[in-house]
Amino acid sequence: MITAVDHVQLAAPPGSEELLRAYYAGVLGMTEVPKPPGLASRDGCWFRAGSVQLHLGIEEDFRAAGKAHPGLRVTGIDAYAARLESHGASLTWDASLPGHRRFYTRDPVGNRLEFLEPL
């Protein structure tokens, strides 16, 4: 039986780790976590916020997905949206999910991210 999502892995292009750190830690406010010793030699970086983990793995032939994305639940969605916009993020609000406020944006390498808050 599945009991939880342990993490979501997104792809990123080679050499983008510093850009990812600036965005996921600096803009989104996540904490970078060290990889276990057996994985530490691989490129990419891992982030956590509470129980949410996002892993960014490097792909040589990276191409951002058009539709696939993690849905990240937030509190204070208006303040969070303002924080992202103050860092230059472009947001697309979507009112089609009943009982939620949500928007989409893209990280610096083009990964689509959804942020949502239950009403």
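This text walks through the strands, the core and the largest pocket of a predicted model.

Start with strand β4, residues 52–58. This strand is mostly covered, with five of its seven residues buried. β4 has a neighbour in β3, residues 45–49. The two run antiparallel and are joined by five bridges. In one of these pairings, F47 has L54 in β4 as its bridge partner. A hairpin links β3 and β4, with two residues between them. G50 sits in that turn and has a positive phi of about 60 degrees.

β4 also pairs with β1, residues 8–12. Here the sense is parallel, again over five bridges. A12 stands opposite I58 in β4.

Now turn to another group of strands. Four of them form an open sheet, in the order β5-β8-β7-β6. The pairing in this sheet is mixed. β5 and β6 are the edge strands, and each pairs on one side only. β6 covers residues 92–93. Two bridges join β6 to β7, residues 100–106, and these strands run antiparallel. Across this pair, W93 stands opposite F103 in β7.

F103 leads on to the core. The largest nonpolar core holds 26 residues. F103 is one of the residues that touch the most other members, along with Y24, L28, L84 and F115. Several elements give two or more residues to this core: β1, α1 (17–27), β3, β4, α2 (77–86) and β8 (112–118). In general, nonpolar side chains tend to be buried together in soluble globular proteins.

F115 gives a view of the packing. Leaving aside residues up to four places away in sequence, F115 touches L28, L72, V74, I77, Y80, L84, R101, R102, F103 and T105. Two arginines, R101 and R102, are among these contacts. L28, L84 and F103 appear here too, and they are also among the core residues that touch the most other members.

What lines the largest pocket, and which residues lie nearest its centre? The lining has 18 residues, and V52, Q53, G71, L72 and R73 lie nearest the centre. β4 and β5 (71–73) are the elements that give two or more residues to this lining. By class, the lining has twelve nonpolar, four polar and two charged residues. The space in this pocket is about 350 Å³. L72 belongs to the lining and is also a contact of F115.

Notes: Residues numbered from 1 in each chain as written. Predicted model: local features only at pLDDT ≥ 70, side-chain atom pairs only at ≥ 80, totals over all residues. Heavy atoms only, no water. Core = buried A, V, L, I, M, F, W, Y, C linked by side-chain atoms within 4.5 Å. Buried < 20%, exposed > 50% of the residue type's maximum accessible area, 1.4 Å probe, protein only. Helix = DSSP H or I, 4+ residues; strand = E, 2+ residues; numbered from the N terminus. Contact = heavy atoms within 4.5 Å. 1 Å grid on protein atoms, 1.4 Å probe; cavity = no way out; pocket = protein on both sides within 12 Å on 5 of 7 lines; lining within 4 Å. Points joined across faces, edges and corners; volume = space filled by probe spheres on them. Nonpolar A, V, L, I, M, F, W, Y, C, P; charged D, E, K, R; others polar. Pairing = 2+ DSSP bridges.
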